[in-house]
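Hello,

I am passing a structure on to you. Please look at it first; my notes come after it.

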Amino acid sequence: MRDVLMPAPMMPMIAEQLAGVATLHKLWEAPDRDAALAALAPKIVAMAVGGGHQPIDAAFMGRFPNLKIVSSFGVGYDHVDAAWAGAHGILVTNTPDVLNEEVADTALGLLLCTVRRFPQAERFVRAGKWLEGNFPLTDSLRGKTIGILGLGRIGKAIARRCEAFGLKVVYHGRSPQDDVGYLYFPTLLGMARAVDILLVITPGGPATAGLVNAEVLDALGPRGTLINVARGSVVDEPALVEALRQGRIAAAGLDVFADEPRVPQALIEMDNVVLLPHVGSGSHHTRRAMAQLVIDNIAAFLDGRPPLTPVPETPWPVAGAKAK
Ligand code: NAP
Ligand code: 8YV
């Protein structure tokens, strides 16, 4: 069987190339989704899914008795229940590494915009306010320390850029990294107390949910800046709104939100917050590279070759499958 399901639209190149190597079923085009699922379920061996709003959970994967691989777009796969997949003989793949540099560029752009208030300055020019006087002076990166929460593949690419900008880099994760010389903090709270900027780039999901809470924000303090390019779930969003409203932290730059694409109105109305619509990897170049990995993982599986990028919960070769 070479039947592949795409539950929701993805980049056109993914559908085009998969249709060349498999029988591709575009679920969103079916007039009756449930009837289509019932008819297709026994045939489906692979799935291509977009990182995003649709959960690929046990209830969904469990409908496909012959499903062997879920190829997910994005390095973060918190929308896929990979532990359940691993326990049921289903391989999950993601798109690591090819986006490291792009997301790191975005993180630095967001950091500069937040600290130096470039979006606000741009709005100032467009509003004709320069004719009335100069834009106010801003905070600076000079002499600052940045704490990176999650010094993984992307975190390290961010750290290298921060060094080039003259920032002192420190970090926190569950364990120290062997290949870096930056100071490691064993607790997030300890790091938040010691830094001017807290930058979040961990995975999402239950293990990191609400890690950046009111206590951490208070430790960052009234002159502190929060940058989140990880997942909205890692930051307690109501606590962040309150901390910003009460001046308990100075500013925030956010690429990700708890309930995307809905952004809290309170954040939209704040002048000390820079908001991006989850564009960390959003260039043609990088999205193409990610899309190619989604295709190549499925093509490898269909050819009987090892997958290129299995996630740690579903190592290759897949262990004995339990009944679904
Ligand atoms: P990675 O290489 O796996 O790095 C993740 C880092 O987070 C590791 O250093 C890990 O260190 C740390 N970490 C994991 N769980 C933790 C926990 N419970 N507490 C503290 N630290 C923890 O992943 P990556 O490729 O850099 O990607 C990171 C994440 O960035 C993705 O999962 C995704 O959510 C996000 N992302 C966002 C965008 C965007 O567009 N905004 C784009 C790409 C990725 P330890 O194992 O030592 O804890
Ligand atoms: C993607 C991301 O834009 O890779 C990730 O984890 O967050 C982004 O690169 C996203 O997964 C696609 O919606």
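The notes below cover the cores, one buried acid and some salt bridges.

This is a predicted model, in which local features need pLDDT of at least 70, side-chain atom pairs count only at pLDDT 80 or more, and totals for chains, interfaces and linings use all residues. Residues are numbered from 1 along each chain as its sequence is written, and side-chain values use heavy atoms, with hydrogens and water left out.

The largest nonpolar core (buried Ala, Val, Leu, Ile, Met, Phe, Trp, Tyr and Cys residues joined through side-chain atoms within 4.5 Å) has 49 residues. Buried here means under 20% relative accessible area, exposed over 50%, and partly exposed in between (1.4 Å probe, protein chains only). Helix H5 (residues 100-116) supplies the largest share of this core, seven residues. Domain 1 (3-98 + 284-302) and domain 2 (100-275) both contribute to the core, so it lies between them; the bounds come from an automatic or database domain assignment.

Glu 260 is buried but has no salt bridge (a side-chain nitrogen of Lys or Arg within 4 Å of a carboxyl oxygen of Asp or Glu); Arg 231, the nearest side chain of opposite charge, is 6.5 Å away.

Elsewhere, Arg 161 and Glu 101 form a salt bridge through their side chains (2.9 Å, N to O). Arg 161 is buried, at 18% relative accessible area, whereas Glu 101 is partly exposed, at 38%. Both belong to a salt-bridge network with Asp 105 and Arg 160. In the whole structure, 15 salt bridges are found.

Regards

Definitions and conventions:
Chains lettered and ligands numbered in written order. Helix = DSSP H or I, 4+ residues; strand = E, 2+ residues; numbered from the N terminus. Lys, Arg positive; Asp, Glu negative; His and termini not counted.
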